[in-house]
Amino acid sequence: MKHVLGPAGDFPEGSCRILRVGRRQIGVYNVEGRFYAVRNSCPHHGAPICMGTLGGTMVPSKPGEYSYGMENRVLRCPWHGWEFDIETGKALFGVDKSRVVTYPVEIEDGQLVIEAKGV
């Protein structure tokens, strides 16, 4: 089922808005002009994950080197610091096979729309 979230202009770059869609809270992010939608619930203990930070993380590198990457793609839970890829919802670096629920976002006639079943 499609859900209209509002005009794309209401979601400025760098913003996160938490909206109620059906029975769920969904965080909508505008990251450098690209939109992401995430259910506002961490799979670990149900924390409001969209209250956490969005940034990067350390990525695999050679021994003795420290490389930072995935800038603006890592959603970090505010309770326990678990990290998830905002694009795929997957937990990072083998922490767990859990994932946050993500929804594809499209722009139709200037409106942000997500496809979400069972919300």
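**Exercise 1.** In this predicted model, Met 58, Tyr 66 and Tyr 68 form a nonpolar patch on the surface; state how much accessible area the three residues have together, and decide whether Tyr 66 is buried or exposed.

*Solution.* Together, Met 58, Tyr 66 and Tyr 68 have about 420 Å² of accessible area. To place Tyr 66, look to the loop that lies between strand 5 (53-59) and strand 6 (67-76). The relative accessible area of Tyr 66 is 73%, and because a residue counts as exposed over 50%, Tyr 66 is exposed.

**Exercise 2.** Locate Ser 15 among the strands, classify Ser 15 by its relative accessibility, and name the residues with which Ser 15 is in contact, leaving aside its neighbours within four places in sequence.

*Solution.* Ser 15 has its place in the loop between strand 1 and strand 2 (16-21). Its relative accessibility is 14%, and since the cut-off for a buried residue is under 20%, Ser 15 counts as buried. Once neighbours within four places in sequence are set aside, the contacts of Ser 15 are with Val 28, Tyr 29 and Asn 30.

**Exercise 3.** Describe the open sheet of 3 strands by its order and pairing, and then identify the bridge partner of Ile 107.

*Solution.* The strands of this open sheet follow the order 1-10-9, and their pairing is antiparallel. At the edges are strand 1 (2-7) and strand 9 (105-108), each of which pairs on one side only. From one strand to the next, the twist averages 35 degrees. Turning to a single pair, strand 9 and strand 10 (residues 111-115) run antiparallel and are joined by 4 bridges. The bridge partner of Ile 107 is Leu 112, in strand 10.

Notes: Residues numbered from 1 in each chain as written. Predicted model: local features only at pLDDT ≥ 70, side-chain atom pairs only at ≥ 80, totals over all residues. Heavy atoms only, no water. Pairing = 2+ DSSP bridges. Helix = DSSP H or I, 4+ residues; strand = E, 2+ residues; numbered from the N terminus. Axes fitted to C-alpha atoms, helices over the stretch in contact; angles between N-to-C directions. Buried < 20%, exposed > 50% of the residue type's maximum accessible area, 1.4 Å probe, protein only. Contact = heavy atoms within 4.5 Å. Patch = residues over 30% accessible without salt bridge, like charges linked within 9 Å, V, L, I, M, F, W, Y side chains within 5 Å. Areas by Shrake-Rupley, 256 points an atom, 1.4 Å probe, with all protein chains shown as cover. Salt bridge = Lys/Arg side-chain N within 4 Å of Asp/Glu carboxyl O.
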